[in-house]
Amino acid sequence: MAKGRLHVVGFGPGGKDDMTFRAARVIEDADIVTGYTTYVNLLKPIFPDKVYKATGMMKEVERCRSAIEDAMTGKDVAMVSSGDSGIYGMAGIIYQLAEEMGADIEIDTVPGMTAASTAASVLGAPLMHDLAIISLSDLMTPIDLIMKRVEMAAEGDFVTCLYNPKSKTRTEYLDQARQILLKKRTPETPVGIVRNAGREDQWSKVTTLGDLDPADVDMFCIVIIGNSQTYVSDGRMITPRGYRIEGSE
């Protein structure tokens, strides 16, 4: 029996235009496409003839075990997730579980456009210098540690990109992070909010750290806080990289 293959695929925001050729090819060639129900539903219109296996939220371990087991039977399996499979995606847990299960399969990681880069493209060019990506979800990380990371990002003057900034139960963390950042940044620091980045109902807003309203943010948003050099021009956030531009003073 041929050795099975498991591809951990990041397919970007969800549309075919923002998917890599490699990701599309791997999904098209797979015997089984498996993933979180929402992600599978994004792919079905693009790849309508595939065999799909979908599970709901909080079923990550079961989903990954199932994908590994299918690959162990010799099948070619694509484990899919939006964004990049190696950034808050399934790549890490797949490798961990495959080792635990003694799975004799081939595994490869197919990168995709993560939410930070997608949101940044909507806002202008806010990620042109060193940055920190921090999830405000405390499901797997203690909130005290999360806020310590926010504090260190503020101390280091990193452009700070917040994933999972707010949910129905986590309503206070964004403002808590904002207060920490305000200790090191001025209230005029530009902030960009992008909801459903790269999808049909995309929405965005540029505001400031002082005026950031948590009411504008939900779990589908990415929040990008500029560093001390970030500015807004014609509605776009720009973080200078430091190049010397001819003719400027």
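**Strands, helices and their contacts in a predicted model**

His 7 is found in strand β1, and this strand makes a good starting point for a walk through the structure, which is a predicted model. With a relative accessibility of 4%, His 7 falls below the 20% cut-off and therefore counts as buried. Beyond its neighbours within four places in sequence, His 7 is in contact with Val 26, with Asp 76, Val 77, Ala 78 and Met 79, and with Asp 108 and Val 110. The strand as a whole shares this setting: five of the six residues of β1 are buried, so β1 is largely enclosed by the rest of the structure.

β1 has pairing partners in β4 and β5. With β4, the strand runs parallel, and six bridges join the two; here Val 9 has Val 80 of β4 as its bridge partner. The pairing of β1 with β5 is also in the parallel sense and extends over five bridges. In that case, Val 8 is matched with Thr 109 of β5.

One of the residues touching His 7 is Val 26, which has its place in helix α1, residues 21–29. Val 26 has a relative accessibility of 6%, and because this is under 20% the residue counts as buried. Setting aside residues up to four places away in sequence, Val 26 touches His 7, Val 9, Ala 78 and Val 110.

Helix α4, which spans residues 91–101, comes next. Its buried residues are Ala 91, Ile 94, Leu 97 and Ala 98. These cover an arc of only 135 degrees around the axis, and so they lie on the same side of α4. The face turned away from that buried side carries the exposed residues Gln 96, Glu 99 and Glu 100. What covers the buried residues of α4 includes the strands β1 (5–10), β4 (76–81) and β5 (106–110), together with helix α3 (60–72). After α4 comes Gly 102, with a positive phi near 60 degrees.

Another part of the model holds the pair of helices α6 and α7. A C-alpha to C-alpha distance of 38 Å separates Val 26 from Met 147, and the two are 121 residues apart in sequence. Helix α6 (residues 143–155) packs with helix α7 (residues 173–182) at an angle of about 35 degrees, and their axes are 9 Å apart. The crossing of these two helices is right-handed. On the α6 side, the contact is made by Ile 143, Met 147, Val 150, Glu 151 and Ala 154, while α7 contributes Tyr 173, Gln 176, Ala 177, Ile 180 and Leu 181. Sorted by class, the contact of α6 with α7 comprises eight nonpolar residues, one polar residue and one charged residue.

Strand β9, residues 190–195, completes the picture. This strand is mostly covered, with five of its six residues buried. β9 pairs with strand β10 (residues 203–208) in the antiparallel sense, over six bridges, and Ile 193 stands opposite Lys 205 in β10. β9 also runs antiparallel to strand β11 (residues 221–225), to which five bridges join it. Within β11, Ile 224 is the bridge partner of Gly 192.

Terms used
Residues are numbered from 1 along each chain as its sequence is written. This is a predicted model: local features need pLDDT of at least 70, side-chain atom pairs count only at pLDDT 80 or more; totals for chains, interfaces and linings use all residues. Side-chain values use heavy atoms; hydrogens and water are left out. Axes are lines fitted to C-alpha atoms, for helices over the stretch in contact, and angles run from 0 to 180 degrees between N-to-C directions. Helices (H or I, at least four residues) and strands (E, at least two) are DSSP runs, numbered from the N terminus. A crossing is left-handed if the near helix is turned anticlockwise from the far one by less than a right angle, and right-handed if clockwise. Contact means heavy atoms within 4.5 Å. Ala, Val, Leu, Ile, Met, Phe, Trp, Tyr, Cys and Pro count as nonpolar, Asp, Glu, Lys and Arg as charged, and the others, Gly among them, as polar. Buried means under 20% relative accessible area, exposed over 50%, partly exposed in between (1.4 Å probe, protein chains only). The arc is that of the directions from the helix axis to the C-beta atoms. Two strands pair if DSSP finds at least two bridges between them.
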